[in-house]
Amino acid sequence: MKFASRILAVVSLVVVSIGVIVGCGGGGGGTPSGFLLILDRFIPRMVQTAVMSSFGWTTYGSSGSGNGQFASPGGFAVDSLGRIYIADTGNNRIVRIDSIAGTNFISYGTAGNGVGQFNSPDGIAIDAAGRIYVADFGNNRIVRMNDITGTGWLTYGNGTIFQSPTAIAFDSTGRIYVANYNGHRLTRIDNMTGAGLVNFGSGGSGVNQFNQLSDVKISSTDQIFLVDRLNSRIVRINDMSGSGWTTYGSDGTGVNQLGTPFSISLGPNTTIFIGDTDNGRVVKINDFSGAGWQTFGTGGSGLGQFNILTDLVYVP
């Protein structure tokens, strides 16, 4: 398995956060808005916390294969009801919980390459119709299901089309974007038939090149945001031609530096949240200039600490 696979601005953090926590009750349905959800792979657990702060810090999960347990989880997504879907990589399954409290834990999948089976699923996404897409890393394919029961199971891809897919995203027209981790490129298809397939990128460190492409997100204006892990940077392009190529970050631990980032989440306006994996922290910038640089977290397993942060989501 690979080393690591793959969350806000508030006017008054204390007031907003307290209101959200009270409204959430003792773990009722949904994920509170204005918080970050963070997947901490090697502990393993999911963390819910206020923006760039340990206020409201709540965790869920432990190591294992039973209910409430995970094995090296790689990515997650939140649906329109606030339910959380997790790619439980080491257990070769996906999991759904209603909230960080872990209520209504449901899992689906076993190891293999057939129907209802995964090989190290690493990324997960929910489309506008509520269908579940899984980046089936070890099987070099993506999977679509209607719901957590696996109905409507459909796959697309092979080792030529995809090379270790890790993340999936959708644009405003519903086209599907797949980050190829070991293929060092981005793939776009129109739908699950593979129509309109186009690739962007190649291996390297220059313009239009990647070294382990680990995440993809699409903005409301269909700009494409990518995490170029081993080049210690994030990338923004306008379209699959690579127009508007812009990068941010370099290797290191200081301001405007990223260790080996693995995930990205788009916040309000142009705010960007970056999962800076090896530095054990979340980085927030106001835009690609790096203005408003702020970090939260250190390496470890306690409050405000992370051990291989693989995915993060800002919940609007």
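Biologist: Lys and Arg count as positive and Asp and Glu as negative, while His and the chain ends are not counted. On that basis, how many positive and negative side chains does the chain have?

Modeller: There are 19 positive and 19 negative side chains, and the centres of the two sets lie 2 Å apart. Each charge is placed at NZ of Lys, CZ of Arg, CG of Asp or CD of Glu. Bear in mind that this is a predicted model: local features need pLDDT of at least 70, side-chain atom pairs count only at pLDDT 80 or more, and totals for chains, interfaces and linings use all residues. Residues are numbered from 1 along each chain as its sequence is written, and side-chain values use heavy atoms, leaving out hydrogens and water.

Biologist: How many helices and strands in the chain?

Modeller: The chain has 1 helix and 32 strands. Both are DSSP runs numbered from the N terminus, a helix being H or I with at least four residues and a strand being E with at least two.

Biologist: What radius of gyration does the chain have, against a compact globule?

Modeller: The chain has 18 Å, which agrees with the value near 20 Å for a compact globule of 316 residues. That radius is taken over C-alpha atoms, and the globule rule is 2.2 Å times the number of residues to the power 0.38. The C-alpha atoms fill a box of roughly 50 × 45 × 35 Å along the principal axes.

Biologist: What share of the residues is buried?

Modeller: 55% of the 316 residues count as buried, meaning under 20% relative accessible area with a 1.4 Å probe and protein chains only; over 50% is exposed, and in between is partly exposed.

Biologist: Let's move to S17. Why is that strand largely enclosed?

Modeller: Strand S17 covers residues 176–180, and 5 of its 5 residues are buried, so the rest of the structure largely encloses this strand. In a regular strand, side chains alternate between the two faces of the sheet. In S17, Ile176, Val178 and Asn180 are buried on one side, and Tyr177 and Ala179 are buried on the other.

Biologist: Which open sheet has S17 in its order?

Modeller: The order is S16-S17-S18-S19, an open sheet of 4 strands with antiparallel pairing; two strands pair if DSSP finds at least two bridges between them. S16 and S19 (198–200) are the edge strands, each pairing on one side only.

Biologist: And what joins S16 to S17?

Modeller: 5 bridges join S17 to S16 (residues 165–170), and the two run antiparallel. Isoleucine 168 has valine 178 of S17 as its bridge partner, and phenylalanine 170 has isoleucine 176. Their hairpin has 5 residues between the strands, and glycine 174 there takes a positive phi near 90°.

Biologist: Over how many bridges do S17 and S18 pair?

Modeller: S17 and S18 (residues 185–189) pair over 5 bridges in the antiparallel sense. Asparagine 180 stands opposite arginine 185 of S18. In this hairpin, with 4 residues between the strands, histidine 184 takes a positive phi near 55°.

Biologist: Different sheet. What is the pairing in S22-S23-S24-S25?

Modeller: Antiparallel; those 4 strands form an open sheet in that order. S22 (213–218) and S25 (246–248) stand at the edges with a single partner strand each, so one side of each has no neighbour in the sheet.

Biologist: Which residue stands opposite aspartate 228?

Modeller: Arginine 233 in S24. S23 (residues 224–228) and S24 (residues 233–237) pair over 5 bridges, antiparallel.
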